Amino acid sequence: MARHGGGRGWYGKVVGAALGVTMLAVGASVWTAQADSAGGSSSEATAPATPGGAAEQVDVTIAHASDAGARGVNITIDDGPDPAWTPQVLDILREYGVKATFCVTGTQAQAHPDLVKAVVAAGHRLCNHSVSHDTAMDKKSEAYQSQEILDAERMIIEASGGVRPMYYRAPGGAFTPYSRKLAASHGMRPLGWNVDTKDFERPGADAIVATVERELPNGPTLLFHDAGGDRSQTVEALRRVLPWLTEQGYAFGFPVR
């Protein structure tokens, strides 16, 4: 979930904290160049999460590009799973043949393992969103950050039946160089976003859709939520956004690894 009231201020913090991360320029041309550079990201980018086994080191930089190429978009769903809303989101994704990345918290994964398994069974990817969704993690000790990330990883693997999360999204974008390095060493690529739909504020489905249409030139990774409150507006917005993206000639992919 984005930090409330912070707009895209999180992004400046992420870039300031992330060593070697280049700020994403606004504009379709830059997005296209970024996506093209990731287009040959290997078969790993489309491979399912691997049950069990040791995790392999991945890139520590914050991913935004899509493995679907220059016209790829990534649908990411945060804060769940939630018994009321996640099944509805899964139904819509299935209806439109879209695969998404679900950024789940450890507490929610532990509480609803059946939903985590349903996400995996439907061909979606898992992302570690920390244990408790502490948006001030970047101000806490490395020991605390480690506990939040590694405990969540364990909880997600247990809930999923052995499937590892492939990404790590810091709550509110509260990445640190340490958290990125730790996540990457466990096979979880740090994951950012380009279009914050602000659906957590419940501005109405029309506003959510308008935000996607207006901000899509910023980049391919879209942020939605399936938990944290009433997500009926998100469900309605997804029902409208997914076919619109297809009509505009976009392809759905996963974030690069």
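In this predicted model, helix α3 buries Thr86, Val89, Leu90, Ile92 and Leu93. Looking down the axis of α3, you would find these buried residues within an arc of 165°, so they line one face of the helix. What does that face pack against? The buried residues of α3 meet β1 (72-78), β2 (101-104), α5 (113-121) and α9. Just after the helix comes glycine 97, with a positive phi near 65°.

Let's follow one of those partners, α9. Helix α3 spans residues 86-95 and α9 spans residues 232-247; the two pack at an angle of about 10°, and their axes lie 10 Å apart. Angles under 35 degrees count as roughly parallel, and α3 and α9 are therefore roughly parallel to each other. On the α3 side, the contact is made by Gln88, Val89, Ile92, Leu93 and Glu95. Facing them from α9 are Val235, Leu238, Arg239 and Leu242. Sorted by class, this contact holds six nonpolar residues, one polar residue and two charged ones. Some names return here from the buried face of α3: Val89, Ile92 and Leu93 are buried, and they also take part in the contact with α9.

Now for the cysteines. How many disulfides does a search of the whole structure find? The count is zero. Cysteine 103 is a good residue to look at, since its nearest cysteine sulfur belongs to cysteine 127 and sits 3.2 Å away. Why is this pair not a disulfide? The two sulfurs would have to be within 2.5 Å, and the 3.2 Å from the sulfur of cysteine 127 to that of cysteine 103 is too far for a bond. As for their surroundings, cysteine 103 has a relative accessible area of 0%, so it is buried. Cysteine 127 is likewise at 0% relative accessibility and therefore counts as buried.

A last stop takes us to helix α8, residues 205-215, where aspartate 206 is found. Is aspartate 206 buried or exposed? Its relative accessibility is 54%, so it counts as exposed. From aspartate 206 you can find your way back towards α9: glutamine 233 is 27 residues away from it in sequence, and their C-alpha atoms are 8.7 Å apart in space. The range of α9, residues 232-247, brings us back to the helix that packs with α3.

Terms used:
Residues are numbered from 1 along each chain as its sequence is written. This is a predicted model: local features need pLDDT of at least 70, side-chain atom pairs count only at pLDDT 80 or more; totals for chains, interfaces and linings use all residues. Side-chain values use heavy atoms; hydrogens and water are left out. Axes are lines fitted to C-alpha atoms, for helices over the stretch in contact, and angles run from 0 to 180 degrees between N-to-C directions. Helices (H or I, at least four residues) and strands (E, at least two) are DSSP runs, numbered from the N terminus. Angles under 35 degrees count as roughly parallel, over 145 as roughly antiparallel, 65 to 115 as roughly perpendicular and the rest as oblique. Contact means heavy atoms within 4.5 Å. Ala, Val, Leu, Ile, Met, Phe, Trp, Tyr, Cys and Pro count as nonpolar, Asp, Glu, Lys and Arg as charged, and the others, Gly among them, as polar. Buried means under 20% relative accessible area, exposed over 50%, partly exposed in between (1.4 Å probe, protein chains only). The arc is that of the directions from the helix axis to the C-beta atoms.
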